[in-house]
Amino acid sequence: MKKIVVGITGASGSIYGLRLIEELLDAEKQVTVLLTAAGRQVLGFETGLNLTEEPQECRQQLTEYFGASENLDYYALNDFFAPPASGSNPAEAVVICPCSMGTVGRIAAGLSDNLLERVADVAMKENRKLLLVPRETPFNQIHLENLLRLSKAGAQILPAMPGFYQQPDTVADLVNFVVGKILDNLGVEHQLFKRWGTEK
């Protein structure tokens, strides 16, 4: 996979999205970043990275943050002329990380009120990979039914649930485990955690 869209919504855990983008850029993938309004707010609160709403300025901020690159794109959520909005130019994979339950519900209902929802819809209709990383607990019945509906439609559900068999020492270790599982699902090589059984 070369072209990957990463969406960041208003669920807690925006650090997962930032770390994922960093790893994808290091792997020389073409990354398109999409942010919801709530995602932008939570990102600023949780990480201190306060991104402007103006598309060109936001792209420049992201470029400076990641030390990148011609491989990084950013589009406003009302820009339906962006390349991944069309099935004639779809991303090879779409990852929404973290994915709020509101976003899950709208995608499950087939709504495309913004570019991120449209890109997710395109991924499913074109049989491309759609990977959702919910960070919510506990789930209510509506959450579970929406996630199941999306799973049946072909989306991959990968909750932000770190494993502890790697004996993590830091929060970064926990983040890297989840991001590593996402990269595994995308077929992107990484060294973010120790594989089970490799010590033997």
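**A tour of the predicted chain, from its surface to two buried residues**

Begin with the surface of the whole protein chain, whose accessible area comes to about 10100 Å², with 48% of that area belonging to carbon and sulfur atoms. Keep in mind throughout that this is a predicted model.

With the full chain still selected, turn to its overall dimensions: the C-alpha atoms fill a box of roughly 50 × 40 × 30 Å, taken along the principal axes. The radius of gyration of the protein chain is 16 Å, which agrees with the value near 16 Å that a compact globule of 200 residues would have. Buried residues make up 50% of the 200 residues, and, among contacts between residues at least 6 apart in sequence, 72% join residues at least 24 apart.

Next, colour the charged side chains, of which 18 are positive and 24 are negative; the centres of these two sets lie 8 Å apart.

Switch now to a cartoon view, in which the protein chain shows seven helices and six strands. Followed from the N terminus, these elements run in the order β-α-β-α-α-β-β-α-α-β-α-β-α.

**First stop: Q30**

Select Q30, which you will find in strand 2, the element that spans residues 30–35. Is Q30 buried or exposed? With a relative accessible area of 18%, Q30 falls under the 20% cut-off and therefore counts as buried.

Expand the selection to the surroundings of Q30, leaving aside neighbours within four places in sequence, and the contacts that appear are K2, K3 and I4, together with E70, N71, L72 and D73. One of these residues, D73, deserves a closer view, since a polar contact of 3.1 Å joins its side chain to that of Q30.

Before moving on, a distance label may be drawn from Q30 to P159: these residues are 129 apart along the chain, and their C-alpha atoms are separated by 24 Å.

**Second stop: N114**

Select N114, which is placed in the loop between helix 4 (101–108) and helix 5 (115–125). Although N114 belongs to a loop, its relative accessibility is 15%, so that N114 counts as buried.

Which residues is N114 in contact with, once its neighbours within four places in sequence are left aside? Show L77 and F80, for these are the residues that N114 contacts on that basis.

Finally, display the backbone of L116 along with the side chain of N114: the backbone nitrogen of L116 lies 3.0 Å from a polar atom of that side chain.

Terms used
Residues are numbered from 1 along each chain as its sequence is written. This is a predicted model: local features need pLDDT of at least 70, side-chain atom pairs count only at pLDDT 80 or more; totals for chains, interfaces and linings use all residues. Side-chain values use heavy atoms; hydrogens and water are left out. Helices (H or I, at least four residues) and strands (E, at least two) are DSSP runs, numbered from the N terminus. The radius of gyration is taken over C-alpha atoms; the globule rule is 2.2 Å times the number of residues to the power 0.38. Buried means under 20% relative accessible area, exposed over 50%, partly exposed in between (1.4 Å probe, protein chains only). Contact means heavy atoms within 4.5 Å. Accessible areas come from the Shrake-Rupley method with a 1.4 Å probe; for residues, only the protein chains shown count as cover. Lys and Arg count as positive and Asp and Glu as negative; His and the chain ends are not counted. The place of a charge is taken as NZ of Lys, CZ of Arg, CG of Asp or CD of Glu. A polar contact is a pair of N or O atoms within 3.5 Å; within protein, one must be able to donate a hydrogen and the other to accept it, and residues adjacent in sequence count only if both atoms are side-chain atoms.
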